[in-house]
Amino acid sequence: MINASTGLISLIGHPVEHSLSPQMHNYIYNHMGLNYVYMAFDVQPVDVGESIKGFKALKVKGFNVTVPHKEAVMPFLDHIDPMAELVGAVNTVVSRDGMLIGYNTDGVGFMRSLEYRGVDVKNKKALILGAGGACKAVAAALAMRGVQRITIANRTLQKAEAVAASINHHIAAIAYAISLDDIMQLERPDILVNTTPLGMWPYTDGCPIPDGYDLSGIELVYDLIYNPEQTLLMKKAVDSGCQAMNGLDMLIWQAIEAIRIWFDVDVPYGLAMQALKRGE
Ligand code: NAP
């Protein structure tokens with residue numbers, strides 16, 4: 001029950017009404033006895049700084065940040081975690097002793113989702129489609145976990161080159177960049193990760209791979225999209241005999257990681273999954 005001690009956790013983005021986070025978080029807080037509410041705020045880009053000042057004044061415990069504010073919030077924070085610095089984007093902020101600290105949970109969420117499914121990426125060859133914020137986090141997580149090679153294929157080649165250079169500079173010299181148009185010529189990877197929005201609702205006919213691209217022999221096709229639960233890419237992967245995953249587990253593990261950052265408690269995976277499916 002909400003009372004005078006109830007604390008606030010929030011989400012800022014634009015738009016936010018599609019977000020699954022309020023239902024997930026509020027369900028988890030209720031079931032874990034955390035006296036907090038999670039509320040989503042649609043914040044215009046011009047108001048990002050003022051909203052963060054407001055959170056600070058109200059001593060809000062923490063907040064999530066979604067598109068398009070993940071980079072814009074960074075100058076307003078007191079400290080940025082090294083992973084968020086590497087990715088160049090913040091999606092989770094905690095207030096500690098009056099200081100706002102920014103994290104990026106994409107990479108942790110991605111790796112935990114693989115660990116939970118028992119997928120070992122060590123010495124594997126990975127192909128990542130897309131070169132935005134999610135790609136940077138996925139590439140950094142894969143590099144830290146010992147993949148042999150990462151190829152980043154993007155519509156805008158320069159962006160793929162920039163991500164590859166950043167990985168090679170910060171972690172290991174294993175990343176390469178190609179144009180998305182050239183993936184037919186590439187040696188077949190062990191793991192293919194889609195970090196483009198191609199195939200996401202409402203454009204569910206979209207697919208990041210060209211017609212005729214042979215997926216057979218790829219161990220895992222991981223699509224970060226979670227709406228729809230099975231994208232066209234995933235359907236093609238299943239039809240070719242590959243294991244396919246959507247972005248739901250990554251979303252769940254990110255919520256678990258954010259709650260660990262804010263409250264230092266571990267949420268059971270089963271509870272977070274229940275929160276996502278049922279909500280309140
Ligand atoms: P982003 O920073 O905007 O990057 C999007 C990337 O996709 C860019 O490289 C862009 O290419 C490429 N792209 C966009 N439209 C394209 C098109 N029509 N054809 C070819 N390439 C296209 O976005 P993001 O934050 O990385 O997120 C990407 C996706 O991952 C979204 O669908 C998001 O919902 C999903 N995601 C899921 C989770 C999860 O927890 N499951 C977490 C994070 C993100 P250019 O560089 O050429 O523009």
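**Exercise 1. Decide whether D97 of this predicted model is buried or exposed, and describe its backbone.**

Solution. Start with the surface: D97 has a relative accessibility of 80%. Exposed means over 50%, so D97 counts as exposed. Next, find its place in the chain: D97 belongs to the loop between β5 (92-96) and β6 (99-103). Finally, look at the backbone: phi of D97 is near 50°, a positive value in a residue other than glycine.

**Exercise 2. Repeat the steps for N123: where does it lie, and is it buried or exposed?**

Solution. Begin with the location, which is the loop between α4 (106-116) and β7 (125-129). The relative accessibility of N123 is 52%, so this residue counts as exposed. For the backbone, N123 has a positive phi near 60°, and N123 is a residue other than glycine.

**Exercise 3. Place H79 in the structure and find what it touches.**

Solution. First, the element: H79 is part of strand β4. Second, the surface: its relative accessible area is 43%, so H79 is partly exposed. Third, the contacts: once neighbours within four places in sequence are set aside, H79 is in contact with L100, I101 and G102. As a last step, try a distance in the viewer: from H79 to G241 the C-alpha atoms are 45 Å apart in space, while the two residues are 162 apart in sequence.

**Exercise 4. Find which peptide bonds at P68 and P228 are cis, and say where these prolines sit.**

Solution. Take P68 to begin with. A cis peptide bond joins V67 to P68, with omega about 5°. P68 sits in the loop between β3 (62-65) and β4 (79-80). Now turn to P228. The bond from N227 to P228 is cis as well, with omega near 10°. Its loop runs between β11 (220-223) and α7 (232-239).

**Exercise 5. Classify the aromatic pairs F55 with F63 and W262 with F263.**

Solution. A pair of aromatic rings is described by the distance of the centres and the angle of the planes. Rings pair if their centres lie within 6.5 Å, and by this rule the count comes to 9 aromatic pairs. One of them is F55 with F63: the centres are 4.8 Å apart and the planes make an angle of 40°, which is tilted. Both F55 and F63 are buried.

Then there is W262 with F263, at 6.4 Å centre to centre and 70° between the planes. Planes over 60 degrees apart count as edge-to-face, and that is the label of this pair. Buried means under 20% relative accessible area. W262 has 2% relative accessibility, so it counts as buried; F263 has 15%, so it counts as buried. To finish, widen the view: W262 and F263 form one aromatic cluster with Y29 and Y36.

**Exercise 6. Describe how helix α8 packs against helix α9.**

Solution. Step one is the geometry: α8 (residues 248-263) and α9 (residues 269-278) pack at an angle of about 115°, and their axes are 10 Å apart. Step two is the handedness: α8 passes α9 in a right-handed crossing. Step three is the contact itself: α8 brings L248, D249, L251, I252, W253 and I256, while α9 brings Y269, A272, M273, L276 and K277. Step four is to sort these residues, which gives 9 nonpolar, no polar and 2 charged.

**Exercise 7. Find which ring R149 lies over.**

Solution. Look at the face of Y176: R149 lies over it, 4.0 Å from the ring centre.

Conventions: Residues numbered from 1 in each chain as written. Predicted model: local features only at pLDDT ≥ 70, side-chain atom pairs only at ≥ 80, totals over all residues. Heavy atoms only, no water. Phe/Tyr/Trp six-rings, centres within 6.5 Å; stacked < 30°, edge-to-face > 60°. Buried < 20%, exposed > 50% of the residue type's maximum accessible area, 1.4 Å probe, protein only. Lys NZ or Arg CZ within 6 Å of the ring centre and 35° of its normal. Axes fitted to C-alpha atoms, helices over the stretch in contact; angles between N-to-C directions. Helix = DSSP H or I, 4+ residues; strand = E, 2+ residues; numbered from the N terminus. Left-handed = near helix turned anticlockwise from the far one by under 90°. Contact = heavy atoms within 4.5 Å. Nonpolar A, V, L, I, M, F, W, Y, C, P; charged D, E, K, R; others polar.
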